[in-house]
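Work through the exercises below with the sequence and the model side by side. Try each task before reading its solution.

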Amino acid sequence: MAQVKNKQVILNDYVSGFPKETDMNIVESTITLKLPEGSNEPLGGYGVAKVLESGHPDYKKGDLVWGVTKWEEYSLVPSAQILFKIENTDVPLSYYTGILGMPGMTAYSGIFEVGSLKKGENVFVSAASGAVGQLVGQFAKLSGCYVVGSAGTKEKVDLLKNKFGFDGGFNYKEEPDLNEALKRHFLEGIDVYFENVGGKTLDAVLLNMRIHGRIPVCGMISQYNLSQPEGVTNLTSLIYKRIRMQGFVVADFYHLYPKFLEFVLPLIREGKIEYVEDIAEGLENGPAALVGLFSGLNVGKQVLVVARE
């Protein structure tokens with residue numbers, strides 16, 4: 001089989017604290033386009049790829065797929081790993097790393113399955129301009145809810161209100177008191193909080209939840225790289241207000257993917273939903289794009305284009 005040059009992004013060592021570009025290295029190796037042996041271990045992540053060779057009966061040469069691949073130009077994927085075949089190509093293929101992929105499924109399963117969203121409820125979304133948050137807010141608006149989101153720049157807050165159709169939004173970095181900011185936007189409290197950040201935001205939200213509110217916990221990005229995570233002091237609100245707070249992993253809901261496509265594809269085709277991508281070109285720009293995620297430099301879904309046809 002053909003042997004080709006393969007550019008990869010590889011971690012130099014174990015990362016402690018926030019990642020830096022110097023923690024990652026761009027290397028060139030060779031790879032034989034034949035199963036089963038691979039090369040060193042580059043970073044992993046969700047991507048879109050074309051099948052060049054397959055030893056699996058469900059995939060053939062030329063198929064387009066999305067799923068977990070690696071940060072390299074060519075990847076060898078184990079047969080046991082789940083990949084989703086791409087059947088609908090009338091939308092941008094990059095959407096399968098976002099609205100039609102893991103982030104879209106996360107938003108859909110989190111707000112509807114875990115959050116048990118009902119028409120007319122009050123919804124708060126943190127990290128609301130991100131890959132998942134922007135969809136959560138729009139799904140909630142399409143369901144007839146009042147929606148407010150928080151983000152880290154004026155530009156992102158403007159996107160929430162002017163592009164994604166949120167009822168309101170605020171820059172959490174400019175709010176000296178998050179509790180007061182939430183009270184300003186939710187006079188009657190919050191029914192569903194879609195949790196993406198944790199820490200001080202979660203602490204303030206707990207004070208503003210309504211009785212029998214729900215908190216689907218998608219992520220806590222403010223806490224991941226801290227040597228000492230922040231404490232949450234208002235957990236007694238879970239008891240007094242009978243709040244259901246539930247973490248979830250999107251993989252538990254992948255069986256709903258066909259149902260999700262039936263829901264979201266018409267919305268995309270009819271222009272009823274917006275999706276913003278922040279596209280970086282070239283594998284060599286991958287480390288900078290990854291580091292930028294943790295300081296909020298990206299606007300929308302961060303996409304890295306490794307190769308174009």
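**Exercise 1.** With which side chain does the side chain of Q8 make a polar contact?

*Solution.* The model is a predicted one. Start by placing the residue: Q8 lies in strand β1, which spans residues 3-11. Next, look at its accessibility. Q8 counts as buried because its relative accessibility is 0%, and the cut-off for buried is under 20%. Finally, look for the partner: the side chain of Q8 makes a polar contact with the side chain of E72, at 2.6 Å.

**Exercise 2.** Determine how many disulfides the structure holds, and describe the surroundings of C145 and C218.

*Solution.* Recall what is being sought: a disulfide is a covalent bond between the sulfur atoms of two cysteines. The count for this structure is zero.

Step one is C145. Its nearest cysteine sulfur belongs to C218 and is 18 Å away, and C145 is in no disulfide. The cut-off for a disulfide is a pair of sulfur atoms within 2.5 Å. With a relative accessibility of 3%, C145 counts as buried.

Step two is C218. For C218 the nearest cysteine sulfur is that of C145, 18 Å away, and C218 is likewise in no disulfide. C218 counts as partly exposed, at 26% relative accessibility.

**Exercise 3.** Which residues of α3 are buried, and which are exposed on the other side?

*Solution.* First list the buried residues of α3: K156, V157, L159 and L160. These cover an arc of only 155° around the axis, so they lie on the same side of α3. Then turn to the other side of α3, where K154, E155 and N162 are exposed. Last, ask what covers the buried residues of α3: the cover includes β7 and β8 (168-171).

**Exercise 4.** Describe the largest nonpolar core and find the residues that Y257 touches.

*Solution.* Begin with the members. The largest nonpolar core has 50 residues, and those touching the most other members are I99, L100, V123, F139 and Y257. Now go to the elements: among those giving two or more residues to this core are β4 (64-70), α1 (102-114), α2 (133-142) and α7 (257-269). The largest share, seven residues, comes from α7.

Then take Y257 by itself. Leaving out residues up to four places away in sequence, Y257 touches W66, F84, Y96, L100 and M105. To finish, note a second, separate core of 18 residues, which includes F124, A181, F186 and Y193.

Notes. Residues numbered from 1 in each chain as written. Predicted model: local features only at pLDDT ≥ 70, side-chain atom pairs only at ≥ 80, totals over all residues. Heavy atoms only, no water. Core = buried A, V, L, I, M, F, W, Y, C linked by side-chain atoms within 4.5 Å. Buried < 20%, exposed > 50% of the residue type's maximum accessible area, 1.4 Å probe, protein only. Helix = DSSP H or I, 4+ residues; strand = E, 2+ residues; numbered from the N terminus. Contact = heavy atoms within 4.5 Å. Polar contact = N/O pair within 3.5 Å; in protein donor to acceptor, adjacent residues only side chain to side chain. Arc of directions from axis to C-beta.
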